[in-house]
Amino acid sequence: MKFGVFLPNGSNGYIISNAVTPYLPTYQHNLEITVEAEKQGLDFVLSMMKFKGFGGDTGYWDACLESFTLMAGLAANTQSIGIIPTVTLLSQHPAYVARMIATLDDMSGGRCGLNIVTGWNKPEYTQMGLWRGDEYYERRYEYAAEYLQILQELWRTGECTHKSEFFDLEECSCLPTPGRDIPIVSAGMSPKGVEFVAQHAHQNFVMAHPEKLKDISDSVKAKGAAIGREVGTYALFNIITAETDEKAKEIGDDIIQRADMGAIGNIINSAAMDSNEGGTSDHLQEAMKQDLEVGNMAFMGFPTIYGSYETVSAKIDEIAEETGVDGMLFSWADFVGGIRDFGEKIKPRLACL
Ligand SMILES: Cc1cc2nc3c(=O)[nH]c(=O)nc-3n(C[C@H](O)[C@H](O)[C@H](O)COP(=O)(O)O)c2cc1C
């Protein structure tokens, strides 16, 4: 079982509520989080990328530190923790990204992975003239498959020729190569997204209540196995701990009750434009009415594991056993304190380790 941290490199991390004091993302904060995560023996940190936030009272994600440059700083200041930046495919050419990853992998001594994000949120890209038309909603995983094929060829051979409707590379050179397979993660929950992960990635990130997790994890594993590939699932959770289970639930419910409905409304409006069905955009719309445990929009739709340290440890073990996921990616309201408590009070109780 691997554990990772979903870095808060966008304003306010993953909580959309007036119950939590808004904050801007800083390198110093993300560095403190990463150093603490490494100290507590967590396996990786992942940063996201958003080019336009969702406003509201809290200015949710209005500021976002750039993922690759942030991870370079973190790589240079850590020794063992895995470093996973995010590429939003429409914003960068694959030959450029292949080179950035080769650089980061060298800097980090082989600790770099890559999160592939196709881009579901049109306004982020239209503002830069980078949106490929609304048919991209439906075709984004086709685009991603070709993009990844180019990355992997460049990493394996240092050169790529690729001519298609989407790309035009002619004996494109990219040296040095990383000299190893770069782990690829992606977060497709739609049927097309799951298919993409099964065919091309190593891990799928899934945002779903534990009851649904097993089916999603089994499905991506089976699809991968059918073509001779091993594909794992990492599940996303927010963690809330307190002296008692009741107190932890109170904290979570208060965050939901004081949700920033302006920001949430803006996310939902963007998600509603996404015509690729059965995926995250649908999940976010359903999350408006879900409770803490299932995943409310005040927590960006992430399910929350809450309770005393004992309860949270027992729940993590139960999820691990019942769903067969390979890892978990966590967020907290207070990241540094949450990671310290995770390492000192939760990890030692876990049977799944
Ligand atoms: C762990 C994780 C990280 C993500 N990072 C980003 C990101 O940095 N930028 C972004 O636009 N979307 C991000 N997403 C959204 C997904 O990459 C994906 O676009 C979304 O799940 C829609 O795909 P689907 O329609 O196949 O479900 C992330 C999702 C998860 C679960």
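User: Which elements make the right-handed β-α-β unit that includes helix 3?

Analyst: Happy to start there, keeping in mind that this is a predicted model. Two strands, 4 (86-88) and 5 (114-117), pair in the parallel sense over three bridges. With helix 3 (94-107) they complete the unit, whose elements are strand 4, helix 3 and strand 5.

User: Which residue of strand 8 stands opposite I116?

Analyst: Let's look at strand 5 from both sides. Toward strand 4, V87 stands opposite I116. Strand 5 also runs parallel to strand 8 (residues 184-186), joined to it by three bridges. In strand 8, the residue opposite I116 is S186.

User: Which residues of strand 5 point the other way from L114 and I116?

Analyst: In a regular strand, side chains alternate between the two faces of the sheet. L114 and I116 point one way from strand 5, and all four residues named here are buried. Pointing the other way are N115 and V117.

User: Within what arc do the buried residues of helix 2 fall?

Analyst: Helix 2 (residues 67-76) has S67, L70, M71, L74 and A75 as its buried residues. Seen down the axis of helix 2, they line one face of the helix, because they fall within an arc of 135 degrees.

User: Is E230 buried or exposed?

Analyst: E230 sits in the loop between helix 7 (210-226) and strand 10 (232-241). A residue with 12 or fewer C-beta neighbours within 10 Å is classed as exposed. E230 has 10 such neighbours inside 10 Å, so the verdict is exposed.

Key: Residues numbered from 1 in each chain as written. Predicted model: local features only at pLDDT ≥ 70, side-chain atom pairs only at ≥ 80, totals over all residues. Buried ≥ 20, exposed ≤ 12 C-beta atoms within 10 Å, placed from the backbone. Arc of directions from axis to C-beta. Contact = placed C-beta atoms within 7 Å. Pairing = 2+ DSSP bridges. Right-handed = clockwise from strand over helix to strand, strands pointing away.
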